[in-house]
Amino acid sequence: MSDLDNLPPVDPATGEIIINPLKEDGSAKTPKEIEKERKKAEKLLKFAAKKAKQAQAKQAGASNASKKVKKPKKEAEPVPAFVDRTVPGEKKILLSLDDPSLKAYNPANVESSWYDWWVKTGVFEPEFAPDGSVKPEGVFTIPAPPPNVTGALHIGHALTIAIQDSLIRYNRMKGKTVLFLPGFDHAGIATQSVVEKQIWAKEHKTRHDYGRAAFVDKVWEWKEEYHARIKNQIKKLGASYDWTREAFTLDPQRYEAVVDAFVRLHDDGTIYRSSRLVNWSVKLNTAISNLEVENKDVKGRTLLSVPNYDEKVEFGVLTSFAYPVVGSDEKLIIATTRPETLFGDTGVAVHPDDPRYTHLHGKFVQHPFLPRQIPIILDKEAVDMEFGTGAVKITPAHDQNDYNTGKRHNLEFINILTDDGLLNENCGPEWEGMKRFDARKKVIEELKNKGLYIGQEDNEMTIPTCSRSGDIIEPLLKPQWWVAQGDMAKDAIKAVRDGQIVINPKTSENEYFRWLENLQDWCISRQLWWGHRCPVYFVKIEGQDNDRNDGAYWVAGRNIDEALVKAEAKFPGVKYELEQDEDVLDTWFSSGLWPFSTLGWPKETKDLKDFYPFSMLETGWDILFFWVSRMILLGLKLTGEVPFKEVFCHSLVRDAQGRKMSKSLGNVVDPLDVISGIKLEDLHAKLLQGNLDPREVEKAKLGQKESYPNGIPQCGTDAMRFALCAYTTGGRDINLDILRVEGYRKFCNKIYQATKFALMRLGDDYVPAATEALTGNESLVEKWILHKLSETSKVVNEALDSRDFLASTSAIYEFWYQVCDVYIENSKYLIQEGSATEQKSAKDTLYILLDNALKLIHPFMPFISEEMWQRLPKRASETAETIVKASYPVYTKEFDNAAAAEAYELVLNITKEARSLLAEYNILKNGKVIVESNQEESFATASSQKDSIVSLIKAIDEVSVVRNASEIPEGCVLKAVNPEVNVHLLVKGHVDIDAEITKVQKKLEKVSKSKTGLEKTMQSKDYESKATAEAQAANKTKLENTVAEIEGLEATIKNLERLKL
């Protein structure tokens, strides 16, 4: 079979190769498969062009070649700049599509002005029934995950918005009462850290120089500036948020909710005070959550930069030293990666069954630097007899495992560090005030002096670091407020097991269960100034020195008056003062209340009644534990209901090579750069705006050059949103290739140019029928495309309802190509040359297609769909002022016409095979195609659709349809469409006959071998009993097609042989 048998279709307007995104079985092709097919298609087209050029040269003759004068290339005229004269907030002023500035599709032109108009006209706000209740069509609500107010958008935000907004817009068009609730997170640690760095860099001041109130005012100023910036970025992504309900986790309403939640939980004992180990950031001077801990793996001895240290600090080393056993000359050897913590050792553990240490049971070792004897304890959990020496130092106040061991054996808990990472008074006067990692070196030096140092070896280990500051996390014993999670976790597990909440994909559900089944109590204290100050007060009784870690001396209050009432009831008749806790609450505590605090809780508001619980929560699977699960825990506890009915976890976005996006790799993608485009040198310049080390900047530049050698092309919001949804397959990761996003920009261009062309075909005086319905005058192609519309609408509705974004985008993509490349091409002759009735029907169908295709794609591409839909004339029955509120297309039984669809598929298959023959023989014009069939239905279809066939094939002016092969003129070649239909092409006078005979003979040999192999399979022993009915039917059809192809090839050879005579 020739390489040119199946030449790929090409968009005549753009020159873009058209690749069907679906396989023959209806499943989606992978991006790699599409790219591979595209490359193959490009090669075939180049080969075809080369052969065509050779043929033309041969015909023209050598004599003409010398006479040719090379024409100078015509320079493209510059496109005038588009000027949008719309007043912000007003409906967009649409220039005529004939305006030179609108000749080509430019996303910046198309996407201007619409968003402000949508917001001003309130189309994003929930629509209720006349009596103020939720509409009978139902309710659909999503609370937007609040981005950090300090941050800038990254591609993960764009993915979140693309998925959420497509569902929101779809359900809004389905007529439901829809709420897409926006907001921002105060991001306690992140925001305070950034502002502290800023005032230090500009003023060389710390927050303590300002004082708490003044510093917090400074952060509010900073917040207002960055809040406006990120809000405008979000608007560029087209998110149809109801901005009238915008929330901020530190605004008065959220403050009331946070305080109320804390007081309720404190009063019922769920929140309690305890001194436990926390993740302490010395640099930030606060405890941080597990989410803010970034683990670095080192294979062995490694030097790392640590804030406030001039020299790098050594990690990945196991240091062995000896403890002298009290009352003997024996020494007990232990090993540690943190020698400086020996000041906090209060036990040395050995396994009770280890015979090496039986004689030491009940003995003590002497601390080398302090007058303290340390007990040797027996513990099966803490000690592995086979690892190292079988003896383990226990530092309960500075290691989580040791903390548990210390609790089991009632060991002393000695804290050896200040909040600033200095050794404290418990280490002795010689060591007090020394920095922790300076002490590490000094301890090793002194151990050597005392003859207790044994040695060091490389040790693979994980180093916990602070993601905000790069500091090494120190486990530190701190009195904090904790939320008891045991009973709450059981309720949260039950809610999902009982189906009150559905989590997709299922892998995320399994992880949810695993996490909650092993849930530890939650530390909610943070030693910061920016955030919700803990609404709890220490009762300082006159004349008493009570322990601030004792929860009995604390009262919670929504205000000082409530706290005073509680203190009076708890400590009647004594004098006291109330001192509010200095700490603030973990940011996740306020964001854990998000689904109900945003609706007015703790008040019983109408919003809470109408919209709680939310329909769904959509977010990345990476914060399933830190945020999603906490909303479920707190929602059930405080409202008695689940906060949402569905959780959809999207993938994480990686680069095209599958690497995690990071600033140091230079592969981070700013969605605004994808929308507007950016040069490589400008990408480099952006690296200097961050806080990367100069060496990391150079590494990042190389990464940018590798990922985006030509910068990032302008793609527009619509193309980016569509691409991100098309990438969403339910997998854990998305490998984002910017070239694929650019491909969807070309798709936008196709929509733009096709709509322009169609509007021209309709004419300025076209008036659509009042309602959408069949007239009975539809041609076969109209029946086919309307059937496809109904079929596509059904597929897309079902896909979006089941959150299948790949299926929905693929179906819409394919339908637009059917409209553009088949119907619009086929309808040209109907509109230009048909009867008045045919013209009217073809235009009416064209209008139906444009109207519905734009509505279908609107949830994914809001801007281009509005821009082009607003240019359509409207039906008398259309009440929507904007496509945002137009009705979404659904399956229409009236349009369902399987028989017509099947008949037109025959036309398309005839066209395909005819194009293939024309390409194979390089016939570019005046081609003569004959369709042959003695099957009555096929003959009738082909005969009635001759004009359709001609309209779809550029290289022919007419087509003939005959019943018998005897009617085929000499000099033709053939391709079988199916066993009943053949396509013949007259090649006489166009080709080298001998070369073509050789080519067809090779093809015949190949097909004959295929037939022999197939027959062998079908005639094999036990074939009928072993092969499935489906396989047997498929083989039978394949054999029939192969036989038909052989007969056709043999006929072609005979025809070519006759041509030689």
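Rings of Phe, Tyr and Trp (for Trp, its six-membered ring) pair if their centres lie within 6.5 Å, with planes under 30 degrees apart counted as stacked, over 60 as edge-to-face and the rest as tilted. By that criterion the structure holds 39 aromatic pairs. This is a predicted model, in which local features need pLDDT of at least 70 and side-chain atom pairs count only at pLDDT 80 or more, while totals for chains, interfaces and linings use all residues. Residues are numbered from 1 along each chain as its sequence is written, and side-chain values use heavy atoms, with hydrogens and water left out.

**Aromatic rings and charges**

- Phe722, Tyr744, Phe747, Tyr813, Tyr817 and Phe860 are linked by ring pairs into a cluster.
- A charge sits over a ring if NZ of Lys or CZ of Arg is within 6 Å of the ring centre and within 35 degrees of the ring normal; Arg273 lies in this way over the face of Trp481, at 4.9 Å from the ring centre, and the charged end of Arg740 sits over the ring of Tyr727, 4.3 Å from its centre.

**Helix 10**

- Helix 10 (residues 400-409; helices are DSSP runs of H or I with at least four residues, strands runs of E with at least two, numbered from the N terminus) has Asp402, Tyr403, Thr405 and Gly406 as its buried residues, buried meaning under 20% relative accessible area, exposed over 50% and partly exposed in between, with a 1.4 Å probe and protein chains only.
- Seen down the axis of helix 10, the buried residues fall within an arc of 165 degrees (taken from the directions from the helix axis to the C-beta atoms), so they line one face of the helix, whereas Asn401 and Lys407 are exposed on the other side.
- These buried residues pack, with contact meaning heavy atoms within 4.5 Å, against strand 5 (271-281), strand 14 (373-378), strand 15 (391-394) and strand 18 (474-483).
- Helix 10 is followed by Asn410, whose phi is positive, near 55 degrees.
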